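Open the model in your viewer and keep the selection tool ready. The tour makes two stops, an interface and then the cavities.

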Amino acid sequence: MLEIKNLHAGIDGKEILHGLTLSVGTGEVHAIMGPNGSGKSTLANVLAGRPRYSVTAGSVTYEGKDLLSMPVEERAREGVFLAMQYPVEIPGVNNIYFLKAALNSVRKHRGEEELDALEFLQLARQKMKVVDLDEAFMNRAVNEGFSGGEKKRNEIFQMAVLDPKLAILDETDSGLDIDALRIVAGGVNALRSEKHSVLVITHYQRLLSYLIPDFVHVLANGRIVKSGGKELAEELEQKGYEWIEQEVAAGA
Amino acid sequence: MSNTIEQIANQEYKYGFVTDIESDVAPPGLNEDIVRLISAKKDEPEWLLQWRLRSFRQWLTMKEPTWANVHYPPIDYQASRYYSAPKQKRALNSLDEVDPELRRTFEKLGISLEEQKRLSGVAVDAVFDSVSVATTFRVELAKLGIIFCSFSEAVREHPDLVRKYLGSVVPYTDNFFATLNSAVFSDGSFCYIPKGVRCPMELSTYFRINTAGTGQFERTLIIADEGAYVSYLEGCTAPMRDENQLHAAVVELVALDGATIKYSTVQNWYPGDKEGKGGIYNFVTKRGKAFKGSKISWTQVETGSAITWKYPSCILQGDDSVGEFYSVALTNNYQQADTGTKMIHIGKNTRSTIVSKGISAGHGQQTYRGAVKILKSAVDARNYSQCDSLLLGDKCGAHTFPYIEVRNPSARMEHEASTSKIGEDQLFYCQQRGISAEDAVSMIVNGFCREVFRELPMEFAVEAQKLLSVSLEGSVG
């Protein structure tokens, strides 16, 4: 599904990822953990194609295609979804109208028929239950006046509607209370299947108690320094990141 | 990414064609003889000629205003023509008699007079250069006592009404451009809604400048008698020309006790090319007088013209009267706009609302200038003002000048202002969900304008949204 090879990338000319290599198979859930400044968000943004982030070396192949050469909206239409760390507000643009436009542009790209207002509403209602949002929420402007938790749940709601092949969650758990965390994890678990891959980027282990990853990777100084199963996340929670950094230093 | 916004903003002006039609034009220049000529061409009564001449003499003593935040080379008022009319042999009785070339022009503009007549339930008065060429639905309207005709016709058929109200809201001494208009105005629309009548359809005027080297000086007068209601819409286009053409119109609204006038404008004069060459100078005076318990509501969508200088205003003279101003103004390339409103509270318990949305792209410069005056007599007056500016790219500008003058301590005023930029973040967010940059920009801009668009009659709201997307083609950054 996703092959990242020797990726060097950064923001505004400053290199942050120094040769990252990672392979995500179809149907797998990978967690990327690491201390602040290790390059977690850079990885998420580079994969989505955010402006100001640039790639200096390496390659990213997504379903056999060169992901880095695709424009932002094409990556999205091909099934790459980024749940953002800081979702922006778009005043005056109805949440449901926005999402319908998004879904229909994705469907059109896939050669599927666009949904009309009624069909879309049915789908949206069904998906809203997953993230426990009520209907009033659909008619508000995109993220405008939403609490931090509502914004994150909205991201997961959008993900549920758009049904991406590769979902990237950029610190979706940060700032969430335990109930919201459970809802977000529930949303991701609902997406889980042999056709969907998920990349969960997080600082803490706690989301991973609700969302059991198949693989855990530790990112430090722009490289993956350790990979393992879900036990690795628990070990990190107990020992902190320092332990990894020491181990890496000793090995080098 | 900045390319996309620029592309969206740079779409060509699609109304820029010229109609080849024989015109009756006055020689260039402005003097008393020209004023007399215009009046004679229109078979006007002596009192109107005298009014024009007084205006002209007043105008000679006036100076062009320079306080607006717009810049343009001096206008040579002697180089322009002040009268141009499509040649017609005689007065028309029906649409079928309109010159076919002229009818094709209006069809090209999307205003099929025939269609309008049959289907849409919108009565249209079409003004081509200086002359009203066709007014639809008049027979149906006449059954209700509603008068909707060209200004010249009103002077002939309803001289008492015209004489009573002409200049009663915008006196001929008002300002440089209004005074010029009073001297040389050519035609325009006239509308009278009798006591207690609710006008059953939208009334609409389309203005078109065609002949080169002419100015357009139309005059609109709308009177809603006690308890009457009318919703009025004007639209305008012009050919693409390298020269600048002057448009100095006057609109007067009179809302008698308990009446409501809703006046909507979709202004799309030729804005000039990408380098700022050509385009219309739109120097317009619009004002309404609201008597007891009446309401005047201005809604404008301004996307055209090289320069816009326009402040639709309300004199809230009667107790409990209401004034509203909803505006979307867009400046792109080298367009400049200095626009806003004046709300003058005189009566008790008068209320006004101002919602202004300014969008600047390219090198566009935009100024909101609004005055709210609460006079001593205006006990318990209330005003709410909101001015928001949206910038696309980093070469444009937005300026806000609110003037507030309160002479009664019981007044309540609220003013909110904001300036924002279409962020890279907003665009990225939309694109990451699969929406193209063009659609994203148009979605964000329309969201920004939503409070104003919902004030427009439905079909025009749709038109306004489309117009905005077109005017923005090529402009995000």
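Start where chain B meets chain A: the two chains bury about 2100 Å² between them, with 64% of that area on carbon and sulfur atoms. Select F428(B), Y429(B) and R433(B) next. These three supply 36% of the area that chain B buries against chain A, more than any other three residues. Keep in mind that this is a predicted model.

Now widen the selection to the whole contact. Expect 19 residues from chain B and 33 residues from chain A.

**The polar links**

Go back to R433(B) and add E155(A). Their side chains meet in a salt bridge, at 2.6 Å from N to O. The interface of chain B and chain A has 2 salt bridges. Between the two chains, 14 residue pairs are in polar contact, counting pairs with both residues at pLDDT 80 or more.

**The chain B side**

Which elements of chain B give two or more residues to the side that touches chain A? Select α10 (424–432) and α11 (437–448) of chain B to see them. Then show α10(B) alone: 8 residues come from α10(B), the largest share of this side. Color the chain B side by class. You should see 9 nonpolar, 6 polar and 4 charged residues.

**The cavities**

Leave the interface and turn on a cavity display. The model has 5 cavities of 30 Å³ or more. The largest cavity holds about 100 Å³ of space.

Which residues lie closest to the centre of the largest cavity? Select S356(B), K357(B), G358(B), Q366(B) and Y368(B); they are the closest of the 18 residues in the lining.

Next, show the strands around this space. Those that give two or more residues to the lining are β17 (322–331), β18 (336–345), β19 (351–360), β20 (365–374), β21 (382–391) and β22 (397–406), in chain B. Color the lining by class as well. The lining of the largest cavity divides into 5 nonpolar, 11 polar and 2 charged residues.

**Last view**

To finish, put both stops on screen together. Show α10(B), with its 8 residues on the side that touches chain A. Then add the largest cavity, with its space of about 100 Å³.

Notes
Residues are numbered from 1 along each chain as its sequence is written. Chains are lettered from A and ligands numbered from 1 in the order in which they are written. This is a predicted model: local features need pLDDT of at least 70, side-chain atom pairs count only at pLDDT 80 or more; totals for chains, interfaces and linings use all residues. Side-chain values use heavy atoms; hydrogens and water are left out. Contact means heavy atoms within 4.5 Å. Buried area is the accessible area (1.4 Å probe) that two parts lose on being put together, summed over both. A salt bridge is a side-chain nitrogen of Lys or Arg within 4 Å of a carboxyl oxygen of Asp or Glu. A polar contact is a pair of N or O atoms within 3.5 Å; within protein, one must be able to donate a hydrogen and the other to accept it, and residues adjacent in sequence count only if both atoms are side-chain atoms. Helices (H or I, at least four residues) and strands (E, at least two) are DSSP runs, numbered from the N terminus. Ala, Val, Leu, Ile, Met, Phe, Trp, Tyr, Cys and Pro count as nonpolar, Asp, Glu, Lys and Arg as charged, and the others, Gly among them, as polar. On a 1 Å grid over the protein atoms alone, a cavity is a set of points where a 1.4 Å probe fits but cannot get out, and a pocket is an open set with protein on both sides within 12 Å along at least five of seven lines; lining residues have an atom within 4 Å of a point. Grid points are joined across faces, edges and corners, and a volume is the space filled by probe spheres set on the points.
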